[in-house]
Amino acid sequence: MDSPMKKSKQSKNNRSKKHHYLPRKYLRGFVNNQSCFFVYDKQNDKILPRPLSPDATFFENNLNTVIFPNGEASDFLEKLYTEFENQSWGPLDTIRNSNNKTPIQLLDKMHLFLFLLFLHWRLPSNIKHVDELSEKFFGKDNNLNYFTLKSKSGGSVPQEIAEKIKNSSAFKKSSRLMLPFAPFYTNNWSERLNKDWRFLYTGDGNNWYLVGDNPIITKGDNDHDPINCLNEFVFPISGKILLISKRINRDLSPEFVIQYNISIIERAQRFVACPNKDFLEALIKNYKVYVQFGKTTSIIPEMFDMIKA
């Protein structure tokens, strides 16, 4: 019979450590024929010397590891993310295999919307905001009251217990899996997906759209609002397809591709990936012109101006 110490050691050895905030299967939509891409380190202003695979990028160690009050560590959040992602890949693949004449079904859009919401709240750039929002759970007069806290007998829980739960690091991390459901408790989410979403395809079928560590480009007005955070955004489905959450009845100019990619660099905290090194270098040079003249704050507004109805 195994001792508790041995069991604990086995549990530690089996626990995952390398946690991707951008799922590897998602990242495979941006690789070249060698299943790799080139990565630009924005903080150190350099392209990494060798192309990397999705397995080696866009992760943090123990990002989803939870420490319980008894000191026990668990990766249950990472496992829950994996279970959810497995339900998303079918709809995502359907959209990735589509073209500009393919009708995208509402159910596939719904799965994609939920995938985006999960992605939004798990990004390292949003973690501190999740911590702040987690304090609002179990209230009666806010838009996060769709989760309630009950005792085993079904009665109410003392306020001091609720506060202790909300202030725990385990609950704060778990909130990343609770916040994505908020928009689905409104009445207009399906209408927005049906009427306002547009998929933009590259004309030659090549990978011209970059991906970065903060890939959902928003205007920044409602980024930390659980209901309205993704009202208006641009997101790369793959290197060949963009999702624009805005009704557009005209073709966009080729310059929009450049402006989108510069926006991905601007929004990134640190890493940006592209399958073509020469194209990545050209985009970085373009971005640095904005840096040189102190105009980086105009990059994303200029992109959204291009997609005005």
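In the predicted model, Phe235 has Leu243 of strand 11 as its bridge partner. Pro236 is likewise placed against strand 11, where it stands opposite Leu242. These contacts belong to the pairing of strand 10 (residues 233-236) with strand 11 (residues 241-244), which is antiparallel and comprises 3 bridges. The connection between strand 10 and strand 11 is a hairpin of 4 residues.

Strand 11 also pairs with strand 7, again in the antiparallel sense, and here 4 bridges are found. Within this pairing, Arg198 lies opposite Ile244 of strand 11. The side chains of strand 11 are divided between two directions: Ile241 and Leu243 point one way, whereas Leu242 and Ile244 point the other way. All four of these residues are buried. Leu243, the bridge partner of Phe235, and Leu242, which stands opposite Pro236, thus point in opposite directions from strand 11 while both being buried.

The wider arrangement is an open sheet of 4 strands in the order 7-11-10-9, with antiparallel pairing. Strand 7 (198-201) and strand 9 (217-218) occupy the edges; because each has a single partner strand, one side of each is left without a neighbour in the sheet. In general, the strands of a sheet pair through backbone hydrogen bonds, in either a parallel or an antiparallel manner. In the present sheet the pairing is antiparallel, as seen both for strand 10 with strand 11 and for strand 7 with strand 11.

Notes
Residues are numbered from 1 along each chain as its sequence is written. This is a predicted model: local features need pLDDT of at least 70, side-chain atom pairs count only at pLDDT 80 or more; totals for chains, interfaces and linings use all residues. Side-chain values use heavy atoms; hydrogens and water are left out. Two strands pair if DSSP finds at least two bridges between them. Buried means under 20% relative accessible area, exposed over 50%, partly exposed in between (1.4 Å probe, protein chains only).
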